[in-house]
Amino acid sequence: MGLKATCIVLFLISVCAAQTRADYLIIADPLDYTIYSQYEQPLSAREKSEFVPYSPFRIFDKNAKLGDQITRVLKFGFQQKTYFLLMDEDLKFTGEKSKAGRQSFKNSEVIEDTVEAVSGGLTMVSGSGRTAGIPKGTRLYRVFRSGTRYYIAMLRERVTYGWGSLEPGGAWRKIGGGVSAESRVRDTGLSETLKERIKARLASANESYKASFSHFNSLTGDEKAVPQWRCECSGGRMRCELAGPYKNSDQLSESSRFLAQDMENMLIGTDFRVCCRNGEIVIEKRTESQ
């Protein structure tokens with residue numbers, strides 16, 4: 001392998017290894033803003049109901065464009081779905097009343113798992129500053145960690161977001177890798193929530209490949225093809241394949257293993273396993289012998 005190719009591979013490995021960190025935007029009143037769905041359409045009433053106060057947006061691209069290649073947007077992930085936050089001609093968020101209504105957190109550790117309070121002593125500070133105790137048996141979705149604090153969602157009839165240190169550590173236990181009980185695998189196959197999470201992870205990897213290869217091509221003058229993961233679902237099985245000349249090469253084997261490991265973490269507590277080989281990642285149900 002040449003020096004240029006080696007540099008590219010090492011850079012990609014570091015990119016994929018760092019995928020567990022991300023920038024977040026927390027917005028006090030999300031519905032004051034103009035948000036489009038992943039299909040670049042205004043939100044439906046059901047979709048709007050998911051955006052409660054102080055919702056955390058995981059930033060994918062701060063300066064993206066819609067399909068018209070004109071409208072500027074911030075591309076973000078929320079509850080395992082992709083959305084777009086529209087900007088006006090001055091690159092200000094459409095509908096925003098005050099910058100004080102949002103907070104940014106850079107290079108935060110992505111957690112995205114579910115835990116349960118097993119005793120008293122845990123508290124959560126809401127975005128408005130109110131402190132509330134977390135009752136025993138309450139399920140919490142850990143979104144990300146910034147410093148020593150976790151940004152969490154209290155999973156009750158009405159989801160509420162806030163900050164918690166989750167100390168003492170013995171007051172909670174991890175119960176799986178999903179957002180809620182619905183994230184677990186049903187008898188017939190993967191839940192839609194898990195499928196969306198896996199697809200979002202692959203999309204994030206593709207964005208990293210695109211950025212890193214564009215950077216190296218501009219430095220070296222080469223025109224190396226950008227690798228891309230493509231995925232298909234059939235029943236209870238997902239097959240993800242690395243397109244282009246990298247499928248049967250070991251150049252991206254390390255980054256593929258990082259991806260597979262992330263998927264395994266998502267599938268904790270389910271009956272599914274992850275197989276990674278030759279530019280291919282397969283998620284399938286375990287057999288009784290496995």
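**Exercise 1. Decide whether Cys275 is buried or exposed in this predicted model, and whether Cys275 is paired or unpaired.**

Step 1. Take the relative accessibility of Cys275, which is 13%. The cut-off for buried is under 20%. Cys275 therefore counts as buried.

Step 2. Look for a partner. The nearest cysteine sulfur belongs to Cys276 and is 9.1 Å away. Cys275 is in no disulfide.

**Exercise 2. Explain why Cys233 forms no bond with Cys231, then find how many disulfides the whole structure holds.**

Step 1. The closest cysteine sulfur to that of Cys233 is in Cys231, at 4.8 Å. A disulfide needs sulfur atoms within 2.5 Å. The gap is too far for a bond.

Step 2. Check exposure. Cys233 has a relative accessible area of 35%, so Cys233 is partly exposed.

Step 3. Search the whole structure: zero disulfides turn up.

**Exercise 3. Identify which residues touch the most other members of the largest nonpolar core, and which strand gives the most to this core.**

Step 1. The core has 28 residues. Ile35, Phe51, Phe57, Phe76, Leu85 and Phe144 touch the most other members.

Step 2. Strand S1 (21–27) is one of the elements giving two or more residues. S1 gives the most, with five.

Step 3. Follow Phe57. Leaving out residues up to four places away in sequence, its contacts include Tyr24, Leu25 and Ile27, as well as Phe76 and Leu85.

Step 4. Another core lies apart, with 22 residues, among them Leu190, Trp229, Cys240 and Ile283.

**Exercise 4. Describe the second largest pocket: what is its volume, and what lines the pocket?**

Step 1. The space is about 220 Å³.

Step 2. Of 15 lining residues, Met124, Ser126, Val159, Thr160 and Tyr161 are closest to the centre.

Step 3. Strands S7 (123–126) and S11 (160–164) each give two or more lining residues.

Step 4. Sort the lining: eight nonpolar, four polar and three charged.

Key
Residues numbered from 1 in each chain as written. Predicted model: local features only at pLDDT ≥ 70, side-chain atom pairs only at ≥ 80, totals over all residues. Heavy atoms only, no water. 1 Å grid on protein atoms, 1.4 Å probe; cavity = no way out; pocket = protein on both sides within 12 Å on 5 of 7 lines; lining within 4 Å. Points joined across faces, edges and corners; volume = space filled by probe spheres on them. Helix = DSSP H or I, 4+ residues; strand = E, 2+ residues; numbered from the N terminus. Nonpolar A, V, L, I, M, F, W, Y, C, P; charged D, E, K, R; others polar. Core = buried A, V, L, I, M, F, W, Y, C linked by side-chain atoms within 4.5 Å. Buried < 20%, exposed > 50% of the residue type's maximum accessible area, 1.4 Å probe, protein only. Contact = heavy atoms within 4.5 Å.
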